[in-house]
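Load the predicted model in your viewer and show side chains as sticks. The stops below can be selected in order.

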Amino acid sequence: MPLSSLLYMKPSRWGVHAARYLRSWWNMLHLGAVALVMALSPSTWNRANRLATSRHIHASTWQVLPWFTLLTALVSLVIIRIVLVTAQSYGLSRFALEMVVRVLVLELIPLSAALFAALRSGMAFDAAALGLARSGVPVDAAAGEALLRLRRDLVPQVLANAFSVLSLAMASSVVVLVLAYLNVYGLSPWGIGDYTRTVGRVFDPTVTVGFVCKTVLFGLAVAVIPSAAILDTLRHGWRQRSNVQPGALRLLFVLLLIEASSLALKYV
């Protein structure tokens, strides 16, 4: 039940629904913890789970990696040229490369990878689980089948989405770093020393650890939040009032919260 729905209810029911809303957040955290524990348990990794994980990774990463990398490279190329031209017009060319690395590689690319993974695979349970009820299957049978699919695919889905966000972000970051060098220094090898010093100054140990942790948190959020929202919907028998995927707004909120926290820790 969305928190905004409290505005349209009797005040006597506000406490009940607010408690249910907070409980849904706790269920989301609990589901993420359970998924991580199951992923680290050797007994989880039987042949069926390994095959399911490989299928999820292939669908969420390998099938979209070339297209996402190409699209990111084209958009990043435009942004790099804008930043370089603007910096040159103000006489700040020596800061242009560092600005490109900080804005594109550290901030925009991981967030874009998380949003892309969420749209591509993190919300795939809508068609597979909730869509059963819309296809004429009885409600009880649809709920049971959805829960079965969710339990069966939970750990593979978590790992595949976390791996997808990491892979898309890392591959695109490497491509953008190469494009940044070519735009600043061209094909000359004499800029490698200055380039590596600039990139190394940006990626100090603290920033590097923060970058990896933020990307991992993005992946976990993309994998866990839609699944937890669907479980809540099935558990309480809530009806869908729109075609919006359950947990979509919560996922967007969590991604922006992680990004804002990362910016605050680095620059405030």
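Start with Arg197. Its relative accessibility is 55%, so Arg197 counts as exposed, the cut-off being over 50%. Now add Asp194, whose side chain meets that of Arg197 in a salt bridge with an N to O distance of 3.9 Å. Both residues belong to helix α7 and are three residues apart, about one turn of the helix. An α-helix has 3.6 residues a turn, so residues three or four places apart point the same way. Asp194 has a relative accessible area of 36% and is partly exposed.

Stay on helix α7 and select its buried residues: Tyr195, Thr198, Val199 and Val202. Look down the helix axis: these residues fall within an arc of 95°, so they line one face of α7.

Keep Tyr195 selected; its relative accessibility is 12%, and it counts as buried. Which residues share an aromatic cluster with Tyr195? Select Tyr181 and Tyr185: together with Tyr195 they form one cluster. Tyr185, at 24% relative accessibility, counts as partly exposed. The ring centres of Tyr185 and Tyr195 are 6.5 Å apart with the planes at 90°, so this pair is edge-to-face. Tyr185 lies in helix α6 (residues 139-185) and Tyr195 in helix α7 (residues 192-202), so the pair ties together parts 10 residues apart in sequence.

Next, show the surface and select Val174, Val178, Leu182 and Leu187, which make a nonpolar surface patch of about 400 Å². Val178 lies in helix α6 and counts as partly exposed, at 44% relative accessibility.

The next stop is another aromatic pair. The structure holds six aromatic pairs; one of them joins Phe68 and Phe116, and it is tilted, with 5.0 Å from centre to centre and 45° between the planes. Phe68 is in helix α3 (residues 65-89) and Phe116 in helix α4 (residues 93-122), so far along the chain that 48 residues separate them. Phe68 counts as buried at 4% relative accessibility, whereas Phe116, at 28%, counts as partly exposed.

Remain on helix α4 and select Glu107. How much of its relative accessible area is left? The value is 8%, and Glu107 is buried. A search of the whole structure finds six salt bridges, among them one between Glu107 and Lys214, with the closest N and O atoms 3.1 Å apart. Glu107 lies in helix α4 and Lys214 in helix α8, so the pair ties together parts 107 residues apart in sequence. Lys214 is buried, as is Glu107.

Add Lys266, which also forms a salt bridge with Glu107; here the closest N and O atoms are 2.4 Å apart. This pair links helix α9 (residues 248-267), which holds Lys266, to Glu107 in helix α4, 159 residues apart. Lys266 is partly exposed, with a relative accessible area of 29%. Adding Glu259 completes the selection: Glu107, Lys214, Glu259 and Lys266 are linked in a network of salt bridges.

Move along to Val216 in helix α8 (residues 205-236). Val216 counts as partly exposed, at 32% relative accessibility. Select Leu166 as well: the two residues are 50 residues apart in sequence, but their C-alpha atoms are 6.8 Å apart in space.

End with Trp25 and Arg250. Where does the charged end of Arg250 sit? It is over the ring of Trp25, 4.4 Å from the ring centre.

How values were computed:
Residues numbered from 1 in each chain as written. Predicted model: local features only at pLDDT ≥ 70, side-chain atom pairs only at ≥ 80, totals over all residues. Heavy atoms only, no water. Phe/Tyr/Trp six-rings, centres within 6.5 Å; stacked < 30°, edge-to-face > 60°. Helix = DSSP H or I, 4+ residues; strand = E, 2+ residues; numbered from the N terminus. Buried < 20%, exposed > 50% of the residue type's maximum accessible area, 1.4 Å probe, protein only. Lys NZ or Arg CZ within 6 Å of the ring centre and 35° of its normal. Arc of directions from axis to C-beta. Patch = residues over 30% accessible without salt bridge, like charges linked within 9 Å, V, L, I, M, F, W, Y side chains within 5 Å. Areas by Shrake-Rupley, 256 points an atom, 1.4 Å probe, with all protein chains shown as cover. Salt bridge = Lys/Arg side-chain N within 4 Å of Asp/Glu carboxyl O.
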